[in-house]
Amino acid sequence: MENYLYIALFAPLVGSLIAALFGNTPKKLFVGILTSGLLGVSLIASVNLLAHVFTTGEAIHVNMMDWIVIGNVSIPFGFVVDQVSVTMMVVVTMVSTMVHIHSIGYMDHDTGFNRFFSYLSAFVFSMMILVMSDNFAGLFIGWEGVGLCSWLLIGFWYHKEDVKKSNDIYESPYSTLSPYSSVSPGYAANEAFIMNRVADLGMLIGIFLIFWNLGTLQYDAVFAHIGSLDTGTVVAIATFLFIGAMGKSAQFPFNTWLANAMEGPTPVSALIHAATMVTAGVYLIVRANEIFTVVPEVGYFIASLGAFVAIFAATQALVATNMKKIIAYSTLSQLGYMFVAAGLGAYWIALFHLATHAFFKSVLFLGAGNVMHATNDEINIKKMGGLKAHMPYTAFIMTVASLALAGFPFLAGFYSKELILASAFSEHAYILWATLWVTAGLTAFYSFRLVMYVFYGKENYDHSKVHPHETYPFVIAAMTPLAILAISAGWFEHEFVHMVTHILPEYHPHLEGSTNLILMIITIGISLSGIAFAYFKFKKSGGYFSESMKNNFIYKLLANQYYFPHMIEAVILKPYLAISKFSWKEIDMKLIDAIVDGIANGFYAGGESGTAMQSGSLSKSLKWMGIGILILLILVVAFGNLK
Amino acid sequence: MSGIEITLNDYLALSTIIFMIGMYGAMRRTNLLMLFFSTEIMLNAVNIGMAAISKFHGDLTGQMFAFFIIAIAASEVAIGLGLLILWFKRHNTIDLDSLKSMKG
């Protein structure tokens, strides 16, 4: 079984390194096929591990090698495959294999084809390190690795020029109505990277606190002894770890990078910014549940923030016309759901929603990629329309994925979302429940607003330039397993519960049968009415917001992402730039540079005037020697006496 | 031995005085030959110091060093005089101020 572990972990790395050899050469098809194949190998190994863990209930723990051994500090490169990490491994390898195959189609005309696959496989490797590590240090390495790969991939088209900032809501890069997701890919990449660095500082402090207080970073040892610390310390550890999770999972106030990361190629958005990397924050909370269980007050904060982000993101998706941003906001919103579950102590429910979400959201993104590929990279949903006739398979898959996202009965999202709502209700967190309930309705509406605009109605694209066509059959084939899982992942709820509650706390919403049924019915009710509203409103009027509504302040507020990017620019970026300029011009140039230059110039001038001593006359040299000896003698006497 | 006893300090004082004389000569004179003499005087001042310390401490090392210095001084003078003669043949002077090629 250990071999499976190593294969699952290192197959993506091998693929990445081989692809990197061809990084600067023109497109080579076999690079894509090879990396996808190695990912497939990793997937098979992960599934084998899942079968092993599921049947035997045993975790596999290996110590590959020692890494840092100083005194009695030992941090090994150790990996653990238990019920939680194997779930993540299967989800990650499943989605990434399909995304790799999809990318062969999506990137087929791109000059950076080989480079793309190298980055993508490197990402998967980092993600595997993150989920498989048996200590916080390894987790952090994976954490930074995925951050780096995310940066590389968001900025994949780094050569694109910056967009001019504008106050026109249809042109501004800060608006969801403009064709731009961010100022430029390079800008978006840096934004994501820097925001994550800020949050990672919190995470690092959390890890340092753990090490400081417990002297180890191994999960087992930390969780066994966390109860011996005083509450204040545990609150600090939990809070700082959660700050790290907030950055990676784009929770408020670190949320802006996720929507802007849509500048990256669409398969990247599907893999990194929907299915896997952004859920690492949730994984961290689930993995460290022993820490968070000790301090429920932090948990309530997490749950409240999650509910806030859920509705905050969902409302922004309502008016957006940028297709990828709509899906990105729905990701953000669903991450909020996961944090609600994790915060309330329903860790397995959070992990369950993470898994189901990964499947339907990645396939939704891949479908969006197909649509963009078919319409010459059009991103405005109002400039599409009627594509169902041209791309029936994509339309079908995206509809199914949207149904799953909306929580349509018996699809994947239904089960997990239902559980989250039920647990919020059973914890008497009625405000959270109501927020999530409203969000469920909004989710259904905006998902189907997107589907209606893209696939139904009039064909609004420029017929002279755009000739929409269905994508390659193998791309559809790659999406099919994900679509099937988007339908069926929820059916395995009982097996999943049975497996992960070996190590996660058992939690079941303790509601009476009738309450549960009523809750379920009103949740299904709001989801279905959201879908129905989106459908019939579109059928009736072909659009959703009238011109008078578009001048409404609320519409502008939502389209401008609550003016949050503007606020960040005004409150953080501009003052920071001013401070940086001040430091550069006043402190750096006038103080630091002046001191350094002064020292150099002093020596230079001293040397220049000192050459007068070198007259060439021996007797003068002797005199200088005499003076030197005299000075040394004086020093010897003076310091000799000092002693 | 009535009254006056010669101590180590007296020898060292003598050594210092002779050294000073030698150093003064080395600085003031411009004739290279005189410079050699001054150097010899300084070396011998050191020798006196060495021999005296050696005697008073009952350790022969100092006297041994004094012998070494005498031997080295002799060879140094032999080489030095050779160079000096060569210099004189070329420049017809042994004035110190004629050696200024090392000017910085």
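# A guided tour of chains A and B

Start by selecting A:Pro253, which sits in the loop of chain A between helix H8 (231-248) and helix H9 (256-260). Helices here are DSSP runs of H or I with at least four residues, strands are DSSP runs of E with at least two, and both are numbered from the N terminus. Now show the backbone just before this proline: the peptide bond from A:Phe252 to A:Pro253 is cis, with omega near 0°.

Before moving on, a word about what is on your screen. This is a predicted model, in which local features need pLDDT of at least 70 and side-chain atom pairs count only at pLDDT 80 or more, while totals for chains, interfaces and linings use all residues. Residues are numbered from 1 along each chain as its sequence is written, and chains are lettered from A and ligands numbered from 1 in the order in which they are written.

**Zoom out to chain A**

Select the whole of chain A. Its C-alpha atoms fill a box of roughly 110 × 60 × 50 Å along the principal axes, and its secondary structure comes to 25 helices and two strands. How much of chain A counts as buried? Of its 643 residues, 51% do. A residue is called buried if 20 or more other C-beta atoms lie within 10 Å of its own, exposed if 12 or fewer do, and partly exposed in between, with C-beta atoms placed from the backbone.

Next, colour two ranges: chain A is divided into domain 1 (135-559) and domain 2 (569-642). These bounds come from an automatic or database domain assignment. Taken over C-alpha atoms, the centres of the two domains are 59 Å apart.

**Two helices, covered and uncovered**

Select residues 280-287 of chain A, which form helix H11. Eight of its eight residues are buried, so you are looking at a mostly covered helix. Among them are A:Val282, A:Tyr283 and A:Arg287.

Now jump to helix H25, residues 618-642 of chain A. Is H25(A) hardly covered or mostly covered? H25(A) is hardly covered, with a count of zero buried residues among its 25. You can check its length too: at 1.5 Å a residue it should span 36 Å, and its end C-alpha atoms are 36 Å apart, which agrees. The expected span is 1.5 Å times one less than the number of residues.

**Two pairs of helices**

Two packed helices are described by the angle between their axes and the distance between the axes. Axes are lines fitted to C-alpha atoms, for helices over the stretch in contact, and angles run from 0 to 180 degrees between N-to-C directions. Angles under 35 degrees count as roughly parallel, over 145 as roughly antiparallel, 65 to 115 as roughly perpendicular and the rest as oblique.

Select helix H10 (266-275) and helix H14 (323-343) of chain A: their axes come within 11 Å and cross at roughly 10°. H10(A) and H14(A) are therefore roughly parallel. On the H10(A) side, show A:Thr266, A:Ser269, A:His273 and A:Ala274, which meet A:Lys324, A:Ala328 and A:Thr331 of H14(A). Two residues are in contact if their C-beta atoms, placed from the backbone, lie within 7 Å. This contact has two nonpolar, four polar and one charged residues. Here Ala, Val, Leu, Ile, Met, Phe, Trp, Tyr, Cys and Pro count as nonpolar, Asp, Glu, Lys and Arg as charged, and the others, Gly among them, as polar.

Then select helix H16 (392-406) and helix H18 (430-455) of chain A, whose axes come within 9 Å and cross at roughly 170°. That makes H16(A) roughly antiparallel to H18(A). Among the residues that meet are A:Met398 and A:Leu405 from H16(A), and A:Phe448 and A:Val451 from H18(A). The contact divides into eight nonpolar, four polar and no charged residues.

**Two loop residues**

Follow H16 into the loop before helix H17 (412-426) of chain A and pick A:Phe410. Although it is not a glycine, A:Phe410 has a positive phi of about 70°. With 12 C-beta neighbours inside 10 Å, A:Phe410 counts as exposed.

A:Tyr562 waits in the loop between helix H23 (553-559) and helix H24 (564-610) of chain A. Its phi is near 60°, again a positive value in a residue other than glycine. A:Tyr562 has 14 C-beta neighbours inside 10 Å and counts as partly exposed.

**Last stop: chain B**

Show both chains: their contact takes ten residues from chain A and twelve from chain B. The chain A side has two nonpolar, seven polar and one charged residues. Finish at B:Gly62, in helix H3 (61-91) of chain B. Not counting residues up to four places away in sequence, B:Gly62 touches B:Met50, B:Ala51, B:Ile53 and B:Ser54.
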